[in-house]
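Hi,

Here is the structure I promised to pass on. Have a look at it first, and then read my notes below.

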Amino acid sequence: MVLFSCTSQDEPVENIKLSWKSYRNGIFDSEGIRLFAGKNPDIPLKAFYAEIDLSSPNIDVEVVSGNDDDLKETPSQIAERLNSCLVVNGGYFWMDKNPAKHVGLLKTRDTTISAPLISVLRKGKRYYTTRGTIGFSKDSVDISWVSGRKDTLFSFQNSLNNQVNKPPAILDFKKGTHWEVESAISGGPVLVQNNSIFVTDEEEVFFGTTIPDIHPRTAIGYTEEGKLIILVVDGRQPSSRGVYLEELAQIMVNLNCVKALNLDGGGSSALVVNNQLINKPSGTSKEREVMSAIAVTCYGN
């Protein structure tokens, strides 16, 4: 038995670095998609990211949902069902509910399955929140702070100014702009804004949760050149401890992301490419069933 601690690092590492190389000499690459593996044995960390050319006519990216009776499937099951060349886990959900219940916005192909999360309770106080969300439309992607009523979505230039142990901020929909997307998924917090680290975990009311701690992670972002970056960082294993949110944000900035968003992590973090699981979720080869995912379809490969 090997004993290790996933919280052995008390503070985030500054200037975190990973050495990247093409994954398995590019055998998983296709037109419009390149896959990379990275590591830092000193921390230790292992990570994988896909670079997806959104301008490629052979690529389609959308948010999808589980289709079983319990509304959950593994990323591999989703990839097989939809014939997707890449699938990564999506947003937060209640695992103990049957059928599963999504936490925050889940919109697929112009159908809202779960409405935005407008407020949460923390120590008896109700905090209104705008959660970090990624949305896709034809040939475009956007990451923003989002709230809304039913099918009406509002995007905000910044998150609400919530602070722990402070009176809750007021959510005024008039300060938002209508957000028109075909598919979208909330996660949070936002990690990167304007090419810089900008972690809004407190503002998005993740205080009082384990989200800011060290975990396996999934993140998504995009570059000025129109490349979508999908990243998974392994954790809870001797070869990779996982990362803090600040460290995750550093990695996404180093990958040239203009904006980036944290998605569900922990045992849910799984990246499937060409029907093969690329990473080791929490140190295993077993995938967790999830309620939502981001799927990439490749045409003509």
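**What I found**

Gly38 has Ala47 of β3 as its bridge partner. This is a predicted model, in which local features need pLDDT of at least 70 and side-chain atom pairs count only at pLDDT 80 or more, while totals for chains, interfaces and linings use all residues. Residues are numbered from 1 along each chain as its sequence is written, and side-chain values use heavy atoms, with hydrogens and water left out.

Back to that pair of strands. β2 and β3 are antiparallel and share 8 bridges, and a hairpin of 4 residues connects β2 to β3. Strands here are DSSP runs of E, at least two residues long, numbered from the N terminus. Two of them pair if DSSP finds at least two bridges between them. In the loop between β2 and β3 (45–53) sits Pro44, and the peptide bond leading into Pro44 from Ile43 is cis, with omega near -5°.

β3 also pairs with β20 (residues 227–233), again in the antiparallel sense, over 7 bridges. Ala47 turns up here as well, standing opposite Val233 in β20. Most of β3 is covered, with 7 of its 9 residues buried. Buried means under 20% relative accessible area, exposed means over 50%, and partly exposed is anything in between (1.4 Å probe, protein chains only).

**The enclosed strand**

Which strand has 7 of its 7 residues buried? That is β24 (residues 292–298), so β24 is largely enclosed by the rest of the structure. In a regular strand, side chains alternate between the two faces of the sheet. For β24, both faces are covered: Ser292, Ile294, Val296 and Cys298 are buried on one side, and Ala293, Ala295 and Thr297 are buried on the other.

β24 pairs with β4 (residues 59–65) through 7 antiparallel bridges, and with β5 (residues 86–89) through 4 antiparallel bridges. Ile294 is worth clicking on: Ile294 is the bridge partner of Val63 and also that of Val88.

**The open sheet**

Elsewhere, 7 strands make an open antiparallel sheet, in the order β9-β8-β16-β12-β13-β14-β15. The edges are β9 (111–114) and β15 (177–178), and each has a single partner strand, so one side of each is left without a neighbour in the sheet. Within this sheet, β12 (residues 131–137) and β13 (residues 140–149) run antiparallel and are joined by 7 bridges. Ser137 stands opposite Ser140 in β13.

**Charge on the surface**

There is a patch of positive charge on the surface made by Lys21, Lys39, Lys46 and Lys280. Asp60, Asp110, Asp139 and Glu182 gather in a negative one. Some cut-offs for these:

- Patch residues have over 30% relative accessible area and no salt bridge; like charges are joined within 9 Å, and nonpolar side chains (Val, Leu, Ile, Met, Phe, Trp, Tyr) within 5 Å.
- A salt bridge is a side-chain nitrogen of Lys or Arg within 4 Å of a carboxyl oxygen of Asp or Glu.
- Lys and Arg count as positive, Asp and Glu as negative; His and the chain ends are not counted.
- A charge is placed at NZ of Lys, CZ of Arg, CG of Asp or CD of Glu.
- Accessible areas come from the Shrake-Rupley method with a 1.4 Å probe, and for residues only the protein chains shown count as cover.

From the positive patch, Lys39 is in β2 (residues 33–40) and is partly exposed at 47% relative accessibility. From the negative patch, Asp60 lies in β4 and is partly exposed too, at 32%.

**Backbone details in the loops**

Another cis peptide bond runs from Asn98 to Pro99, with omega near 0°. Pro99 is in the loop between β6 (93–94) and β7 (101–102).

Two asparagines have positive phi. Asn15, in the segment before β1 (19–22), has phi near 55° and is exposed at 61% relative accessibility. Asn165, in the loop between β14 (152–156) and β15, has phi of about 65° and is exposed at 57%.

And what about Gly266, buried or exposed? At 8% relative accessibility, Gly266 counts as buried, although it is in a loop, between β21 (257–262) and β22 (271–273). Gly266 and Arg288 are 22 residues apart in sequence, with their C-alpha atoms 9.8 Å apart in space.

Cheers
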